[in-house]
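Please look over the sequence and the structure shown here before reading on. The report is meant to be read side by side with them.

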Amino acid sequence: MENKYVIGIDGGGTKTEGAAVSMSGQVLAIRKGIGINYNNIGMDQARNNLDQVVSGLVQDCGGDYEALYIGSAALENTAEPEIIQAMAGNKMDPGKMVIESDAYMALMGMTIGEPGLIVICGTGSMVVMDDGTGQQIMGGWGSILNDPGSGYAVALDGIRASIKHWEGTGESTVLGDETLRYFGIQHPRQLTEKIYTPDCGVDVIARFSENVFIAAERGDGVAVQIIQKQMDEIAKEAAALLKKAPDVKNVGLYGGIFQHQRLARTLFSIRMAEKTLDRTINFLTPEYPPELGAVILYFKRHNMLTDDVLRQMKESYQKWAIGG
């Protein structure tokens, strides 16, 4: 096993995925953990969650890493030195650490530094574009302000629709029963006891989006309307960015919502086509996951990115993906 390696991290709101990659592009180890979005869980918990993944990779590879490149759901741009120091604490070396947004690392995994736009819908959402002159961002305001298309936004709309169903102020929907079942309650008024507790964080609520999608696939009209609304809103953000870059045609879709929900991909594609009649959009799935996008950024910044490195990275990662 090669002695020198780089660690790339994709740190989302609910999960963290890391990869250790040799200087020749060989994926040496992968590890998974829980989220590192310090805006949701606090810096101490985020640092501990990150350290578990990084320590595991070091244990797998031996020696010490050359650099630690992190994509964080807590950020929009490059982390300031004080954020890096806080994330490192006394567990990791801040001098080896670079932190960008998780969306930017995902974009790197799609474009390898070329112009393009990526739409991420996971626990939260963000749209990031690089038109060749610099990174531009739309959305990503967080769960309280606005994260259209995200699991949290879909779930919250579903819960609110359930309340209207119970109160008789909205349309009838199976989401009422789904909400009771998901939160393990017998009566609607017990919902407040579940929601307004420290244990019911953004990630807990966001997972209810799976129930909303299942209801929509089974034909529940209210659930379908929720997903149509959310995909329309995130498509508006993507289309607004594309207006600034007439030559960008590649649009990547990433995150749990797009990866696991066919209905979301379909409705988003339809809405985007309606809003971008001036060009043909190529919808792509990133060739490299964000944790490898982080490694690609390291190689690119150090003039080490070659076709052979990319080939080695892709082939060795695929072996890990199917069982190591």
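What follows is a report on a predicted model, moving from the chain as a whole to selected residues.

## Overall build

The secondary structure of the protein chain comes to 14 helices and ten strands. Measured against the rule for a compact globule, a chain of 324 residues would be expected to have a radius of gyration near 20 Å, and because the protein chain has 20 Å, the two agree. Along its principal axes, the C-alpha trace spans about 65 × 45 × 40 Å.

Of the 324 residues in the protein chain, 52% are buried. When contacts between residues at least 6 apart in sequence are considered, 68% of them join residues at least 24 apart.

## Surface and charge

The protein chain exposes about 14,900 Å², and carbon and sulfur atoms supply 48% of that area. Its charged side chains comprise 29 positive and 40 negative ones, and the centres of these two sets lie 3 Å apart.

## Helix α10 and its surroundings

Helix α10 covers residues 221–242 and includes Gln230; Asp232 is found in helix α10, and so is Val224. Gln230 has a relative accessible area of 5%, and because buried means under 20%, Gln230 is classed as buried. If residues up to four places away in sequence are not counted, Gln230 touches Pro148, Gly149, Ala153, Val154 and Asp157.

Asp232 also counts as buried, at 16% relative accessibility, and, with residues up to four places away again left out, Asp232 touches Arg271 and Lys275. Val224, in contrast, is partly exposed, with a relative accessible area of 24%. The C-alpha atoms of Val224 and Phe213 are 7.9 Å apart in space, while the two residues are eleven residues apart in sequence.

Ile270 is placed in helix α12, which runs over residues 262–275, and at 40% relative accessibility Ile270 counts as partly exposed. Between the C-alpha atoms of Ile270 and Ala235 the separation is 9.2 Å, although these residues are 35 residues apart along the chain.

## Aromatic pairs

How many aromatic pairs does the structure hold? There are seven aromatic pairs. One of them is formed by Phe183 and Phe208, whose arrangement is tilted, with 6.4 Å from centre to centre and 35° between the planes. This pair links distant parts of the chain, since Phe183 belongs to helix α6 (residues 175–183) and Phe208 to the loop between α8 (202–206) and α9 (209–217), 25 residues apart. Phe183 counts as buried at 8% relative accessibility, and Phe208 is buried with a relative accessible area of 0%.

Tyr298 and Phe299 form an aromatic pair that is edge-to-face, with 5.7 Å centre to centre and 65° between the planes. Both Tyr298 and Phe299 are buried, and together with Tyr69 they form one aromatic cluster.

## Strand β5 and Glu100

Is Glu100 buried or exposed? Glu100 lies in strand β5, which covers residues 97–101, and its relative accessibility is 2%; because this value falls under the 20% limit, Glu100 counts as buried.

Leaving aside neighbours within four places in sequence, Glu100 is in contact with Ile70, Gly71, Ser72, Leu75, Asn77, Thr78, Met105, Leu297 and Arg301. For one of these residues, Thr78, a C-alpha to C-alpha distance is available: Glu100 and Thr78 are 4.5 Å apart in space and 22 residues apart in sequence.

## An exposed loop residue

Asn303 has its place in the loop between α13 (290–301) and α14 (307–321). Although Asn303 is not a glycine, it has a positive phi of about 55°. Which class of exposure does the relative accessible area of Asn303 give? The value is 74%, and because exposed means over 50%, Asn303 is classed as exposed.

Definitions and conventions. Residues are numbered from 1 along each chain as its sequence is written. This is a predicted model: local features need pLDDT of at least 70, side-chain atom pairs count only at pLDDT 80 or more; totals for chains, interfaces and linings use all residues. Side-chain values use heavy atoms; hydrogens and water are left out. Helices (H or I, at least four residues) and strands (E, at least two) are DSSP runs, numbered from the N terminus. The radius of gyration is taken over C-alpha atoms; the globule rule is 2.2 Å times the number of residues to the power 0.38. Buried means under 20% relative accessible area, exposed over 50%, partly exposed in between (1.4 Å probe, protein chains only). Contact means heavy atoms within 4.5 Å. Accessible areas come from the Shrake-Rupley method with a 1.4 Å probe; for residues, only the protein chains shown count as cover. Lys and Arg count as positive and Asp and Glu as negative; His and the chain ends are not counted. The place of a charge is taken as NZ of Lys, CZ of Arg, CG of Asp or CD of Glu. Rings of Phe, Tyr and Trp (its six-membered ring) pair if their centres lie within 6.5 Å; planes under 30 degrees apart count as stacked, over 60 as edge-to-face and the rest as tilted.
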